[in-house]
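Reader: Please go through the structure below. I would like the charged pairs, then the core, then the pockets.

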Amino acid sequence: MQFDLHSLWNETLAFAADYKLLTSAVIVILFLALQRLVLRLIRMRSRRKGEDRRHTLNLLEQISNGLLFIILIMVWSSEIQSLAISIAAFMVAIVIAMREFIQCFLGFIYYLGAKPFRVGDWVQINQAVGEVVEMDWAKTALLEVDPDNYTYTGKHVYVPNNQLVTQVVRNLNFLRRYNLHKFSLTTEAKVNPYSLLPAFVARAKAHCEFYRDVAERYKGLIERHLDVEFIHIDPTISVETNELAHNVVTIELFCPTDAAHDLQQKISADWMNLWYKALAEHESAAGSETSAG
């Protein structure tokens, strides 16, 4: 029995060596069928349990594709060796021509080692901001997010992996649910803004009260992970002047990402109502003094 198995194995190897194209086709078909079956089973299991396994699926798919590539190289090793010898004189030119692809592959290797983010995270790579939806050895695919109002734009951004090494990569995942939202309001310097601050601060705090308990817990989670305290639950409000001598009121909120735009509109409306009311009173008082004079 042992002899028969040994002979069968040798015959299989001899057949594979003689018919490499057919062998490669069979390996690719069987490998891809097995890969799809395994990925489908993982997806079905993750749906039943309600888990997000996109990162695992993406990583497993890339590793299996790499394994298939290595197997095909082993099948065609003799031909590849002969080809490599025959084009040795052109290797420098080939490396220069494929420089960008080599850098992208090295960027993917860096990602596997450093793990700066994973599929499903919000990241900023250079000027691109979005959710990582897919990654392979050449590129990272992002579902673009508008950094001003934190909503999906519906566009996909494809970032070459070489930028993972050459550009700044910011992981925004901890600010995906809650973020530090900052905006400014500019008005003419006709009214003392500090006289309006007590009422304005009270109204801003009232708008933020509905999420305070959850924000406290999320604040603790972020600061424990980053090992630094930098988040204020209450709105932070400051007053400055710009180069045109106008008053600039800056408001910074730690708030739910999906509520940032609505909060900005409500707080802006409060400030404008207070400012126009104070301006009307100021003009009325000035008119009374003119009439009396």
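Reader: How many salt bridges does a search of the whole structure find?

Author: The model is predicted, so local features need pLDDT of at least 70 and side-chain atom pairs count only at pLDDT 80 or more, while totals for chains, interfaces and linings use all residues. Residues are numbered from 1 along each chain as its sequence is written, and side-chain values use heavy atoms, with hydrogens and water left out. A salt bridge is a side-chain nitrogen of Lys or Arg within 4 Å of a carboxyl oxygen of Asp or Glu. Searching the whole structure gives 4.

Reader: Which residue forms a salt bridge with Asp-136, and is Asp-136 buried or exposed?

Author: The closest N and O atoms of Asp-136 and Lys-139 are 2.7 Å apart. Relative accessible area, taken with a 1.4 Å probe on protein chains only, sets the classes: buried under 20%, exposed over 50%, partly exposed in between. Lys-139, at 30%, is partly exposed. The partner of Asp-136 is Lys-139, and Asp-136, at 14%, is buried.

Reader: How many residues apart in sequence are the parts that Arg-203 and Asp-270 tie together?

Author: The side chains of Arg-203 and Asp-270 meet in a salt bridge at 3.9 Å, N to O. Arg-203 lies in helix 8 and Asp-270 in helix 10 (helices are DSSP runs of H or I, at least four residues, and strands are runs of E, at least two, numbered from the N terminus). The parts they tie together are therefore apart in sequence by 67 residues.

Reader: Which element gives the most to the largest nonpolar core?

Author: A nonpolar core is a set of buried Ala, Val, Leu, Ile, Met, Phe, Trp, Tyr and Cys residues joined through side-chain atoms within 4.5 Å. This one has 31 residues, of which Phe-200, Ile-251, Leu-253 and Phe-254 touch the most other members. With 8 residues, the element that gives the most is helix 10.

Reader: How many nonpolar, polar and charged residues are in the lining of the largest pocket?

Author: A pocket is an open set of points on a 1 Å grid over the protein atoms alone, where a 1.4 Å probe fits, with protein on both sides within 12 Å along at least five of seven lines; lining residues have an atom within 4 Å of a point. Here the lining includes Phe-69, Phe-105 and Trp-137. Ala, Val, Leu, Ile, Met, Phe, Trp, Tyr, Cys and Pro count as nonpolar, Asp, Glu, Lys and Arg as charged, and the others, Gly among them, as polar. The division is 8 nonpolar, 3 polar and no charged.
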